[in-house]
Every structure is written in structure tokens, then in C-alpha cells.
Amino acid sequence: MTTPLNTALTVDDIVAQLSDLPSLPAVVMELLNSIDQDDVDISVLAKKVSHDQALTAKTLRLANSSLYGLQVKVTTIQQAITYLGFQTTRNLITAAAVTGCFPEGLCAGFDDKAFWRHSIATAACAKVLARQIRFNQDYAFTAGLLHDIGRLVLVTSFPRHFAAVLAHRAQHDCATLEAERAVLGVDHIDAGLALAEHWNFSDTMRLAIAGHHDPEAPGAGFLAAIIHVADAVVYALDLAQGGDDLVPSVSGVAWSALGLDEDAYLQLFRETELQYQEITAVLLA
């Protein structure tokens, strides 16, 4: 007879498992750590990335997609940096690395592909939103991609616990976040922040991960408001077709802070759908 699973977790439990998680390539860690720095030797980083052929291929496919509308075809990381800029190329490398980093199929009932479809769609939406309000598009894209990364930490480190979360969600017809808190006593934001610390994410990214469900919290920052709205828009458009999570309610404060009119939102929906198709085709190929 199997003993029933005690599903309660603490942040310390999560932290204790982080070293068993797959690690990102060293060069990607370097890129993530340098997101707020301007004095990075770009040629050295370009050379390091090019040693990882799979990562380079994926990054260049993204750079050549219609997402960036380049008139020339880039064939090296150095060229991508020349035409797209360092920040954008760094984000593409990060996206290419993170989406291939976690093992799949560990947790019964968890749809890994739907998870990444939602994350990619949120990244695309956040990037368009950021452009519309003249905020840093690269920060928005990366934060959108990583906002729910804590969920993968839970799924990878505690698959049986997370299966219990999914069962609770199905039984009570609630949001996954609610189910996490009810079953585990912690949630994917706690896990995401633990990973952000472990992987040395910048403060900018940590704030966005911490505040994307609660952008009105003191000090949450503007990026959290962008990710919060992008997350809700993507659920409403049902781009990920996971079909199992409720559309989160949107903070009126965050919505107003972006100051967009109806035409801007219609354009946002259209562009998000187009860019999402492009990026998914490359990252989940």
C-alpha cells in the first residue's frame, strides 16, 4: 500500500531541489547576469554562443523570422548583433536556450507544450505592448517568456505534488495559482523567484516574475503591469489552447497605467497572434 503524499511544500524545499534542475548553458547564464550591464564584450559572447551549434541554429532562425523584418539573412551570431542589436540578440539566445532546457512528460496531466505556447504568446504580447507604450521591448519579451518559469520548477522537482495541484484545479474549477496555494502552500511565483535567485536573474526580471499576478503591490514595477496585462490577453485569445485555465481578472490599475485605447488593443491582438505563430514555429519546432 502506498503512503499518501504529504503535498505541503516550503520555499526551502524548493531551493533544496534547484541544484538538481537542468542548468542553462554557461554562456546563457552570463547573458542573463549581464542584462543590466552596458560594458559587455560582445564579440567574446558571440564567439562563446557559436560553440553551441543547436543554440546558434535556433537563435538564427528566430533572428531571420518576420518578427524582425530584416532585409538581409543573418548567418552568424555576430551578424545578428550587428543588425538587431545586442539586447535583442541576447533575448533570442535566452529564449532559444530556456525553451529547450527542461525535461518533458514528468508530470501526469501537465501539458509542457501548452505551457511554452502560453509563455511564448505572453512574450510576444508583452513585446508589442512595450513598443506601443515606448517601454524596453527586450525586457518585456524576456519577462513574458519567463513569467511562469516557477511552474516548470514545481513540475520538474515535484511532479507528484503538481499532479495533486492539477487534480484539485479540475475538482474545484479554480485557477492553477489558487490550486497551488491550496495544495502546496507555496505557488509558482515563490518557485520562480527561487530559480531567479539561483540563476542570477537581474532585479528587473525578478520584479516582473514577483509582481505579474499582483501588479498593484508596492514596488512591483511597470514591467509587472505589462506582463500582467499580456498574460490576461493571451488567456483571453486562447492562443496556447491549453483550455484548462481561467482567464485571470485584470487589475484596473495596471490596465489604466498602460493608457491604450481600443484601436491600440485591436492592433495588439492582431500582432500578438501573428508574432506568436512565427516564434512558436521556431522555438517549439
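**Cavity, core and aromatic pairs in a predicted model**

The lining of the largest cavity is made up of eight nonpolar residues, one polar residue and one charged residue. The structure described here is a predicted model. The volume of this largest cavity is about 30 Å³, and the structure contains one cavity of 30 Å³ or more. Its lining is formed by L31, L45, A46, V49, I77, I81, F86, T89, R90 and I93. Three elements, α3 (42–50), α5 (77–84) and α6 (86–98), each give two or more residues to this lining. Of these elements, α6 supplies the largest share, namely four residues. In general terms, empty space is revealed by rolling a probe the size of a water molecule over the atoms.

The packing of nonpolar residues was examined next. In soluble globular proteins, nonpolar side chains tend to be buried together. In the present model, the largest nonpolar core comprises 95 residues, and L24 and I149 are those with the most contacts inside it. Helix α7 (residues 112–132) provides the largest share of this core, with eleven residues. When neighbours within four places in sequence are left aside, I149 is in contact with V98, F102, F115, W116, G192, L195 and I209. Two of these partners, F115 and W116, also belong to a cluster of aromatic residues, in which ring pairs link them with F110 and F162.

Eight aromatic pairs are found in a search of the whole structure. The pair of W199 and F201 is classed as tilted because the ring centres are 6.0 Å apart and the planes stand at 50°, an angle that is neither under 30 degrees, as in a stacked pair, nor over 60, as in an edge-to-face pair. W199 and F201 are both buried. A tilted pair is also formed by Y265 and F269, with 6.3 Å from centre to centre and 40° between the planes. These two residues, Y265 and F269, lie four residues apart in helix α16 (residues 262–283) and are therefore separated by about one helical turn. The two members of this pair differ in their exposure: Y265 has a relative accessible area of 6% and is buried, whereas F269, with 27%, is partly exposed. The value for F269 falls between the limits of 20% and 50%, so the residue counts neither as buried nor as exposed.

Helix α16 also contains E271 and Q275. The relative accessible area of E271 is 17%, so this residue is buried. Apart from neighbours within four places in sequence, E271 is in contact with V128 and R131. Q275 is likewise buried, because its relative accessible area of 12% is under the limit of 20%. Its contacts, again without neighbours within four places in sequence, are L67, A124, K127 and V128. V128 is thus a contact of both E271 and Q275. The positions of Q275 and C125 illustrate how residues far apart in the chain can be brought together: 150 residues separate them in sequence, while the distance in space is 8.3 Å, C-alpha to C-alpha.

A further buried residue is S157, for which the relative accessible area is 17%. S157 lies in helix α9 (residues 149–157). With neighbours within four places in sequence left aside, S157 is in contact with Q17 and L21. I149, described above for its contacts inside the core, is also within the residue range of helix α9.

Attention is finally turned to the backbone in two loops. R134 has a positive phi, near 60°, although the residue is other than glycine. R134 is placed in the loop between α7 and α8 (137–146). The relative accessibility of R134 is 77%, and the residue therefore counts as exposed. A positive phi, of about 50°, is likewise found for D173, which is not a glycine. The loop that holds D173 runs between α10 (159–172) and α11 (176–184). D173 is exposed as well, because its relative accessible area of 58% is over the limit of 50%.

Terms used. Residues numbered from 1 in each chain as written. Predicted model: local features only at pLDDT ≥ 70, side-chain atom pairs only at ≥ 80, totals over all residues. Heavy atoms only, no water. Buried < 20%, exposed > 50% of the residue type's maximum accessible area, 1.4 Å probe, protein only. Contact = heavy atoms within 4.5 Å. Phe/Tyr/Trp six-rings, centres within 6.5 Å; stacked < 30°, edge-to-face > 60°. 1 Å grid on protein atoms, 1.4 Å probe; cavity = no way out; pocket = protein on both sides within 12 Å on 5 of 7 lines; lining within 4 Å. Points joined across faces, edges and corners; volume = space filled by probe spheres on them. Nonpolar A, V, L, I, M, F, W, Y, C, P; charged D, E, K, R; others polar. Core = buried A, V, L, I, M, F, W, Y, C linked by side-chain atoms within 4.5 Å.
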